[in-house]
Amino acid sequence: HRLGAGCRAQEVGFGRFLANDKVTIARLLEGWSEQTVLAVNGRHVLAIQDTSEINFRTTPQRQRGLGEIGKGVGRGVLVHAMVGVDAATGSCLGLVAGAVYTRPGRIQTPHRQRTLKDKESRRWIETAAAAKSVLAQAASVTVVADRESDIYAEWATLPGENFHLLTRVMHDRAVAGGGTLASVATKLAFVATRAVELRATPKRVARQAVLSLRFGAVEVQRSEGPDAKGLPKTVALTLVEVI
(Lines give C-alpha, C1' and ligand atoms only; values in the text may rest on other atoms or scores of the structure.)
Protein backbone atom coordinates (compact mmCIF):
# COMPACT_ATOMS: atom_id res chain seq x y z
CA HIS A 1 0.00 0.00 0.00
CA ARG A 2 2.79 2.43 0.84
CA LEU A 3 4.65 1.76 -2.42
CA GLY A 4 1.47 2.37 -4.38
CA ALA A 5 0.88 5.72 -2.63
CA GLY A 6 -2.86 5.26 -2.78
CA CYS A 7 -2.96 4.33 -6.46
CA ARG A 8 -4.66 0.96 -6.97
CA ALA A 9 -2.90 0.33 -10.30
CA GLN A 10 0.51 0.89 -8.72
CA GLU A 11 -0.37 -1.38 -5.79
CA VAL A 12 -1.27 -4.16 -8.22
CA GLY A 13 1.93 -3.55 -10.19
CA PHE A 14 4.16 -3.75 -7.14
CA GLY A 15 2.31 -6.85 -5.96
CA ARG A 16 2.91 -8.61 -9.27
CA PHE A 17 6.56 -7.55 -9.25
CA LEU A 18 7.22 -8.94 -5.76
CA ALA A 19 5.27 -12.13 -6.52
CA ASN A 20 7.32 -12.87 -9.65
CA ASP A 21 9.51 -15.96 -9.24
CA LYS A 22 12.46 -14.09 -10.78
CA VAL A 23 12.37 -11.48 -8.03
CA THR A 24 14.43 -12.89 -5.16
CA ILE A 25 16.13 -11.41 -2.12
CA ALA A 26 19.53 -12.29 -3.62
CA ARG A 27 18.74 -10.49 -6.89
CA LEU A 28 17.43 -7.42 -5.06
CA LEU A 29 20.60 -7.24 -2.94
CA GLU A 30 22.77 -7.50 -6.06
CA GLY A 31 21.10 -4.36 -7.34
CA TRP A 32 21.92 -2.36 -4.23
CA SER A 33 25.48 -1.59 -5.30
CA GLU A 34 25.13 -1.08 -9.07
CA GLN A 35 25.29 2.73 -8.88
CA THR A 36 27.56 2.78 -5.83
CA VAL A 37 30.40 1.06 -7.72
CA LEU A 38 30.70 4.11 -9.98
CA ALA A 39 30.12 6.76 -7.29
CA VAL A 40 33.04 5.74 -5.04
CA ASN A 41 35.81 6.18 -7.63
CA GLY A 42 38.82 7.97 -6.08
CA ARG A 43 37.09 8.78 -2.78
CA HIS A 44 37.76 7.93 0.85
CA VAL A 45 34.62 5.93 1.62
CA LEU A 46 33.14 5.32 5.06
CA ALA A 47 31.41 1.95 4.70
CA ILE A 48 28.95 2.06 7.60
CA GLN A 49 27.06 -1.11 8.51
CA ASP A 50 24.37 -1.94 11.05
CA THR A 51 21.27 -4.10 11.54
CA SER A 52 17.65 -2.92 11.64
CA GLU A 53 14.65 -4.90 12.89
CA ILE A 54 11.50 -4.59 10.78
CA ASN A 55 8.55 -5.38 13.03
CA PHE A 56 5.26 -6.70 11.60
CA ARG A 57 2.01 -6.58 13.51
CA THR A 58 0.75 -10.13 13.42
CA THR A 59 -0.86 -12.91 15.44
CA PRO A 60 0.33 -16.46 16.24
CA GLN A 61 -2.01 -17.68 13.48
CA ARG A 62 -0.61 -15.29 10.84
CA GLN A 63 3.15 -15.25 11.37
CA ARG A 64 3.80 -16.16 7.70
CA GLY A 65 7.37 -17.31 8.31
CA LEU A 66 8.36 -14.19 10.25
CA GLY A 67 11.06 -14.79 12.87
CA GLU A 68 11.66 -13.52 16.37
CA ILE A 69 13.08 -10.03 16.75
CA GLY A 70 14.07 -7.92 19.72
CA LYS A 71 13.80 -9.85 22.98
CA GLY A 72 11.54 -12.41 21.35
CA VAL A 73 8.34 -10.40 21.86
CA GLY A 74 7.95 -9.35 18.22
CA ARG A 75 7.92 -10.95 14.80
CA GLY A 76 9.54 -9.63 11.66
CA VAL A 77 12.63 -9.64 9.47
CA LEU A 78 16.14 -8.27 9.94
CA VAL A 79 17.94 -6.06 7.44
CA HIS A 80 21.72 -5.80 7.74
CA ALA A 81 22.88 -3.04 5.40
CA MET A 82 26.09 -1.19 4.58
CA VAL A 83 25.92 2.32 3.16
CA GLY A 84 28.79 4.18 1.51
CA VAL A 85 29.45 7.78 2.64
CA ASP A 86 32.05 10.23 1.33
CA ALA A 87 34.42 10.82 4.26
CA ALA A 88 35.25 14.34 3.09
CA THR A 89 31.77 15.70 2.40
CA GLY A 90 29.39 13.39 4.25
CA SER A 91 27.48 12.74 1.04
CA CYS A 92 25.67 9.41 0.74
CA LEU A 93 27.11 7.41 -2.17
CA GLY A 94 24.66 4.49 -2.04
CA LEU A 95 24.13 1.04 -0.61
CA VAL A 96 27.07 -1.36 -0.71
CA ALA A 97 26.06 -4.83 0.52
CA GLY A 98 24.09 -6.62 3.19
CA ALA A 99 21.51 -9.28 3.96
CA VAL A 100 17.79 -9.67 4.64
CA TYR A 101 16.93 -12.65 6.84
CA THR A 102 14.75 -14.12 9.58
CA ARG A 103 15.64 -16.14 12.65
CA PRO A 104 14.27 -19.67 12.20
CA GLY A 105 14.19 -20.32 15.96
CA ARG A 106 16.17 -20.44 19.18
CA ILE A 107 19.65 -22.01 19.01
CA GLN A 108 20.44 -24.15 22.05
CA THR A 109 24.22 -24.47 21.53
CA PRO A 110 26.04 -21.76 23.56
CA HIS A 111 27.52 -18.95 21.48
CA ARG A 112 31.12 -19.68 22.50
CA GLN A 113 30.81 -23.29 21.34
CA ARG A 114 29.64 -22.45 17.82
CA THR A 115 31.85 -21.76 14.82
CA LEU A 116 31.54 -18.45 13.00
CA LYS A 117 29.53 -19.97 10.13
CA ASP A 118 26.88 -20.98 12.68
CA LYS A 119 26.64 -17.51 14.27
CA GLU A 120 24.40 -14.64 13.18
CA SER A 121 27.34 -12.28 13.78
CA ARG A 122 29.06 -13.61 10.66
CA ARG A 123 27.05 -10.99 8.72
CA TRP A 124 29.51 -8.30 9.86
CA ILE A 125 32.43 -10.10 8.23
CA GLU A 126 30.55 -11.25 5.12
CA THR A 127 29.22 -7.76 4.42
CA ALA A 128 32.64 -6.15 4.86
CA ALA A 129 34.21 -8.81 2.63
CA ALA A 130 31.60 -8.14 -0.07
CA ALA A 131 32.43 -4.44 0.14
CA LYS A 132 35.97 -5.05 -1.09
CA SER A 133 34.84 -5.71 -4.65
CA VAL A 134 32.06 -3.10 -4.67
CA LEU A 135 34.41 -0.38 -3.37
CA ALA A 136 37.47 -1.50 -5.31
CA GLN A 137 37.76 1.86 -7.12
CA ALA A 138 37.76 3.90 -3.90
CA ALA A 139 41.03 5.51 -2.86
CA SER A 140 40.52 4.25 0.69
CA VAL A 141 37.79 2.42 2.63
CA THR A 142 37.05 2.58 6.35
CA VAL A 143 34.43 0.09 7.53
CA VAL A 144 32.54 1.54 10.50
CA ALA A 145 30.61 -0.81 12.80
CA ASP A 146 29.18 -1.12 16.30
CA ARG A 147 30.19 -3.36 19.22
CA GLU A 148 28.83 -6.62 17.82
CA SER A 149 31.41 -6.37 15.03
CA ASP A 150 34.30 -6.65 17.51
CA ILE A 151 35.26 -10.11 16.19
CA TYR A 152 38.84 -11.39 16.21
CA ALA A 153 38.43 -13.18 12.87
CA GLU A 154 37.44 -9.86 11.31
CA TRP A 155 40.56 -8.12 12.58
CA ALA A 156 42.74 -11.02 11.43
CA THR A 157 41.39 -11.44 7.88
CA LEU A 158 39.88 -8.25 6.43
CA PRO A 159 42.22 -5.23 6.80
CA GLY A 160 44.44 -4.35 3.86
CA GLU A 161 46.60 -1.51 2.58
CA ASN A 162 43.60 0.71 1.76
CA PHE A 163 40.92 -1.21 3.66
CA HIS A 164 40.52 -0.36 7.34
CA LEU A 165 38.16 -1.26 10.20
CA LEU A 166 36.86 1.20 12.80
CA THR A 167 34.87 -0.73 15.38
CA ARG A 168 33.57 0.10 18.83
CA VAL A 169 35.14 -2.20 21.44
CA MET A 170 32.96 -4.83 23.13
CA HIS A 171 35.61 -7.24 24.51
CA ASP A 172 38.38 -6.15 26.88
CA ARG A 173 40.86 -8.32 25.00
CA ALA A 174 44.15 -9.58 26.37
CA VAL A 175 47.18 -7.94 24.79
CA ALA A 176 50.65 -9.29 24.10
CA GLY A 177 53.02 -8.66 26.98
CA GLY A 178 50.30 -8.72 29.63
CA GLY A 179 47.26 -6.69 30.52
CA THR A 180 44.12 -5.87 28.57
CA LEU A 181 42.90 -3.07 26.32
CA ALA A 182 41.49 -1.21 29.31
CA SER A 183 44.75 -1.33 31.27
CA VAL A 184 46.74 -0.27 28.20
CA ALA A 185 44.45 2.71 27.60
CA THR A 186 45.01 4.11 31.10
CA LYS A 187 48.74 4.38 30.37
CA LEU A 188 48.30 6.41 27.19
CA ALA A 189 48.68 10.19 27.28
CA PHE A 190 45.84 12.41 26.08
CA VAL A 191 46.89 14.20 22.90
CA ALA A 192 43.92 16.42 22.02
CA THR A 193 40.60 17.80 23.23
CA ARG A 194 37.57 19.03 21.33
CA ALA A 195 34.29 20.64 22.37
CA VAL A 196 31.11 19.35 20.72
CA GLU A 197 27.55 20.63 20.96
CA LEU A 198 25.01 18.08 22.17
CA ARG A 199 21.48 18.79 21.02
CA ALA A 200 18.56 18.67 23.41
CA THR A 201 16.64 15.41 23.67
CA PRO A 202 13.53 14.46 25.70
CA LYS A 203 15.92 13.18 28.39
CA ARG A 204 18.54 15.98 28.48
CA VAL A 205 19.01 19.67 27.86
CA ALA A 206 21.39 20.96 25.19
CA ARG A 207 24.93 21.32 26.45
CA GLN A 208 28.55 21.41 25.40
CA ALA A 209 30.73 18.35 26.02
CA VAL A 210 34.52 18.32 26.02
CA LEU A 211 36.09 15.19 24.56
CA SER A 212 39.62 14.02 25.28
CA LEU A 213 41.47 11.76 22.83
CA ARG A 214 44.27 9.26 23.27
CA PHE A 215 45.51 6.42 21.11
CA GLY A 216 48.32 3.94 20.73
CA ALA A 217 49.44 0.72 19.09
CA VAL A 218 48.36 -2.57 20.68
CA GLU A 219 48.72 -6.24 19.81
CA VAL A 220 45.66 -8.24 20.84
CA GLN A 221 45.82 -11.95 21.50
CA ARG A 222 43.65 -14.58 19.88
CA SER A 223 40.87 -16.04 22.01
CA GLU A 224 40.81 -19.81 22.00
CA GLY A 225 37.67 -21.50 20.73
CA PRO A 226 36.06 -23.02 17.63
CA ASP A 227 36.94 -19.95 15.53
CA ALA A 228 40.63 -19.80 16.50
CA LYS A 229 41.89 -22.48 14.11
CA GLY A 230 44.01 -21.02 11.32
CA LEU A 231 44.05 -17.47 12.69
CA PRO A 232 47.27 -15.72 13.79
CA LYS A 233 47.99 -15.75 17.53
CA THR A 234 48.08 -11.93 17.65
CA VAL A 235 46.86 -9.01 15.53
CA ALA A 236 48.33 -5.48 15.60
CA LEU A 237 45.71 -2.74 15.99
CA THR A 238 45.45 0.92 16.96
CA LEU A 239 43.41 1.54 20.13
CA VAL A 240 41.55 4.86 20.15
CA GLU A 241 39.82 6.08 23.29
CA VAL A 242 37.57 9.13 23.50
CA ILE A 243 36.33 10.26 26.92
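## Strand β3 and its partners

Phenylalanine 56 has arginine 75 in β3 as its bridge partner. The model described here is predicted. Phenylalanine 56 belongs to strand β1, which covers residues 44–56. Strand β1 is joined to β3 by 12 bridges, and the two run antiparallel.

Strand β2, made of residues 67–69, also pairs with β3. This pairing is antiparallel and has 3 bridges. Here arginine 75 appears again: glutamate 68 stands opposite it in β3. Arginine 75 is therefore a point where two pairings can be followed, one to phenylalanine 56 and one to glutamate 68.

## The β3-β4 hairpin

Strand β4 runs over residues 92–101 and is linked to β3 by 8 bridges in the antiparallel sense. The two strands form a hairpin, with 5 residues between them. Glycine 90 lies in the turn and has a positive phi of about 80°.

One pair in this hairpin is histidine 80 and alanine 99: alanine 99 in β4 is the bridge partner of histidine 80.

## Histidine 80

Where does histidine 80 lie? It is part of strand β3, which spans residues 74–86. Is histidine 80 buried or exposed? Its relative accessible area is 0%, and the cut-off for buried is under 20%, so histidine 80 counts as buried.

The side chain of histidine 80 makes a polar contact with the side chain of glutamine 49, at 2.7 Å. Leaving aside residues up to four places away in sequence, histidine 80 touches a set of residues that includes Trp32, Asp50, Thr51, Arg123, Trp124 and Thr127. Gln49 is also among the residues touched, as are Ala97, Gly98, Ala99 and Tyr101. Ala99 is thus both a contact and the bridge partner in β4.

In a regular strand, side chains alternate between the two faces of the sheet.

## The sheet of β7, β8 and β9

Another part of the model holds an open sheet of 3 strands, in the order β7-β8-β9, with antiparallel pairing. The edge strands are β7, residues 192–198, and β9, residues 234–242; each of them pairs on one side only. From one strand to the next, the twist averages 30°.

Strand β8 covers residues 207–221 and pairs with β7 over 7 bridges, in the antiparallel sense. Within this pairing, threonine 193 stands opposite serine 212 in β8.

Key: Residues are numbered from 1 along each chain as its sequence is written. This is a predicted model: local features need pLDDT of at least 70, side-chain atom pairs count only at pLDDT 80 or more; totals for chains, interfaces and linings use all residues. Side-chain values use heavy atoms; hydrogens and water are left out. Two strands pair if DSSP finds at least two bridges between them. Helices (H or I, at least four residues) and strands (E, at least two) are DSSP runs, numbered from the N terminus. Axes are lines fitted to C-alpha atoms, for helices over the stretch in contact, and angles run from 0 to 180 degrees between N-to-C directions. Buried means under 20% relative accessible area, exposed over 50%, partly exposed in between (1.4 Å probe, protein chains only). A polar contact is a pair of N or O atoms within 3.5 Å; within protein, one must be able to donate a hydrogen and the other to accept it, and residues adjacent in sequence count only if both atoms are side-chain atoms. Contact means heavy atoms within 4.5 Å.
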